[in-house]
Every structure is written in structure tokens, then in C-alpha cells.
Amino acid sequence: MPGKVADFLRAAELDGAERAALDQGVTVRRGQGYIPRVGATTAVHRQLLGHCRPLDGTQGATAIPAQRKARREYENRVNALAADALH
């Protein structure tokens, strides 16, 4: 999960499983930023993605391009995780 997405989610209202997955993630330094490694089921990652929709600039909210890119990257990773689970 990109750091910009994690920062956004920490401020969001999450249910117990989502909050626990985010809190138990291990932060890994990477380049100029960081990436929390969140070990959770694909369903929890999909719920977290749902909470990230405002990062796309939808619902009348302005989004920063880096936040949009971080959300897209996270969505691509979750989709790849789900595709690997099917094989």
C-alpha cells in the first residue's frame, strides 16, 4: 500500500478489521517515501480501496495527482493479488 493511501486511510473512519490490518502493517522505507506492508485478505483490501475513492477527485473533491497515482497503484496491486489467488 503506498504511503499516501495509508496516510489518507489513517484519518478515515474504518471498521475493526480494516483498522486492525492498517495498524498491524509494517512500514518499509522505499526511495523517498515509505510503503506499509499490510497483510490482509483481498476483501479487506477491497474495502480499504472503497474508502480511498475521494483520492480520485470524485464527489466534488479535488485530488492531488500523486494521491490519484498512489490509489491507482494500490488498486492495481490488489487486482493482481486477486488474479494470483484465482490461479
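Analyst: In sorting the residues of a pocket lining by class, Ala, Val, Leu, Ile, Met, Phe, Trp, Tyr, Cys and Pro count as nonpolar, Asp, Glu, Lys and Arg count as charged, and the others, Gly among them, count as polar. Please also keep in mind throughout that this is a predicted model.

User: Let me begin with the whole chain, then. How many helices and strands does the secondary structure come to, and what pattern does the protein chain follow along the sequence?

Analyst: The protein chain has four helices and two strands, and when these are read along the sequence they give the pattern α-α-β-β-α-α. The radius of gyration of the chain is 13 Å, close to the 12 Å that the globule rule gives for 87 residues, so the chain is as compact as a globular protein of that length. Taken along the principal axes, the box filled by the C-alpha atoms is roughly 35 × 25 × 25 Å.

User: What share of the residues counts as buried, and what share of the accessible surface belongs to carbon and sulfur atoms?

Analyst: A residue is called buried when its relative accessible area is under 20%, and in this chain 30% of the 87 residues count as buried. The accessible surface comes to about 5,400 Å², with 52% of it belonging to carbon and sulfur atoms. As for how the chain folds back on itself, contacts between residues 24 or more positions apart make up 60% of those with a separation of 6 or more.

User: How should I read a pocket here, and which residues are closest to the centre of the largest one?

Analyst: A pocket is read through its volume, the residues that line it and the elements they come from. The largest pocket holds about 260 Å³ of space, and among its twelve lining residues Pro2, Gly3, Lys4, Gly33 and Tyr34 are the closest to its centre. Helix H1 (3–11), strand S2 (33–37) and helix H4 (65–86) each give two or more residues to this lining, and H4 gives the most, with five residues. By class, the lining has five nonpolar, two polar and five charged residues.

User: Which residues are closest to the centre of the second largest pocket, and how do the residues of its lining divide by class?

Analyst: The second largest pocket has a volume of about 190 Å³, and of the eleven residues that line it, Met1, Val38, His45, Tyr74 and Arg77 are the closest to its centre. S2 and H4 are the elements that give two or more residues to the lining, with H4 giving the most, four residues. The lining divides into seven nonpolar, one polar and three charged residues.

User: His45 appears in that list. Is histidine 45 buried or exposed, and which residues is it in contact with?

Analyst: Histidine 45, which lies in helix H3 (residues 42–51), counts as buried because its relative accessibility is 7%. Leaving aside neighbours within four places in sequence, histidine 45 is in contact with Val38, Ala40, Tyr74, Val78 and Leu81.

User: Threonine 42 is also found in helix H3. Which class of accessibility does threonine 42 count as?

Analyst: Threonine 42 counts as partly exposed, because its relative accessibility is 25%, and partly exposed is the class between the 20% and 50% limits. Not counting residues up to four places away in sequence, threonine 42 touches Val78, Leu81 and Ala82. The C-alpha atoms of threonine 42 and alanine 85 are 9.1 Å apart, although 43 residues separate the two along the chain.

User: Turning to the loops, where is cysteine 52 found, and which residues does cysteine 52 touch?

Analyst: Cysteine 52 is found in the loop between H3 and H4, and it counts as buried because its relative accessibility is 0%. Beyond four places in sequence, cysteine 52 touches Val5, Phe8, Leu9 and Arg71. The C-alpha atom of cysteine 52 lies 9.8 Å from that of tyrosine 74, which is 22 residues away along the chain.

User: And leucine 14: where is its place, and is it buried or exposed?

Analyst: Leucine 14 has its place in the loop between H1 and helix H2 (16–23), and it is buried, with a relative accessible area of 16%. Outside the four places to either side in sequence, leucine 14 touches Leu9, Arg19, Leu22, Leu48 and His51. Its C-alpha atom is separated by 17 Å from that of glycine 3, eleven residues apart from leucine 14 along the chain.

Notes: Residues numbered from 1 in each chain as written. Predicted model: local features only at pLDDT ≥ 70, side-chain atom pairs only at ≥ 80, totals over all residues. Heavy atoms only, no water. 1 Å grid on protein atoms, 1.4 Å probe; cavity = no way out; pocket = protein on both sides within 12 Å on 5 of 7 lines; lining within 4 Å. Points joined across faces, edges and corners; volume = space filled by probe spheres on them. Buried < 20%, exposed > 50% of the residue type's maximum accessible area, 1.4 Å probe, protein only. Contact = heavy atoms within 4.5 Å. Rg over C-alpha atoms; globule rule 2.2 N^0.38 Å. Areas by Shrake-Rupley, 256 points an atom, 1.4 Å probe, with all protein chains shown as cover.
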